[in-house]
Amino acid sequence: LLTSYHLKFLPQFESSSPSSDNHTTFTTKKEQHNTYPFTFAACLIIKDGNILLPEWLAYHYTVLPLRHLIIAVDPLSKTSPMPIVDAFREELPDLTMEIWTGNSY
C-alpha cells in the first residue's frame, strides 16, 4: 500500500476519531504550523480505484496542499479504500478524511 517513495513526503499523523452514520472522519489533535497561505479541500468519488489512491493522496497532500478530503465510495464498488485510508492516517498530519459509503450521498 505505502511505498518508501510515498512515505518520504509524509510526516507523522497522531489520532483518529470516528463519527456517526456512514461517515468515518480521521483528523489530528496536534496543531501543526501551517506555512501555506491557503489549503484545499476535495471530494473524491471512487469505484475500485485503490491502486491509484496512495499516489493520489501523496501528490495532492504535498502539492496543493490538500487538507480536507471526502471520499465517496460508489455503492457498486467491489473494494473499499479503508485499508489505504487506515495506512495513510498514520502518516498524514493536518488531513481530515471522511469516508462516505452506502447511499449517504
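Read from the N terminus, the elements of the chain follow the order α-β-β-β-α-β-α-β. In this predicted model, that makes three helices and five strands. A helix therefore opens the series and a strand closes it, as the order α-β-β-β-α-β-α-β shows.

The chain has 105 residues, and 39% of them are buried. Toward the outside, the chain exposes about 6400 Å², of which carbon and sulfur atoms supply 55%. The contacts give a further view of the fold: among those in the chain with a separation of 6 or more, 81% join residues 24 or more positions apart.

Turning to the aromatic side chains, one aromatic pair is found in the structure. The partners are Phe38 and Phe40, whose ring centres are 5.6 Å apart and whose planes meet at 85°. Two quantities describe a pair of aromatic rings, namely the distance of the centres and the angle of the planes. The pair of Phe38 and Phe40 counts as edge-to-face because the angle for this class has to be over 60 degrees, and here the angle is 85°.

Both partners are also worth following to the surface. Phe38 has a relative accessible area of 46% and is partly exposed. Phe40, with a relative accessibility of 36%, is likewise partly exposed. Neither residue counts as buried, because that label requires a value under 20%, while Phe38 stands at 46% and Phe40 at 36%.

Another ring, that of Tyr61, has a charged neighbour: the charged end of Arg67 sits over this ring, at 3.9 Å from the ring centre.

Key
Residues numbered from 1 in each chain as written. Predicted model: local features only at pLDDT ≥ 70, side-chain atom pairs only at ≥ 80, totals over all residues. Heavy atoms only, no water. Phe/Tyr/Trp six-rings, centres within 6.5 Å; stacked < 30°, edge-to-face > 60°. Buried < 20%, exposed > 50% of the residue type's maximum accessible area, 1.4 Å probe, protein only. Lys NZ or Arg CZ within 6 Å of the ring centre and 35° of its normal. Helix = DSSP H or I, 4+ residues; strand = E, 2+ residues; numbered from the N terminus. Contact = heavy atoms within 4.5 Å. Areas by Shrake-Rupley, 256 points an atom, 1.4 Å probe, with all protein chains shown as cover.
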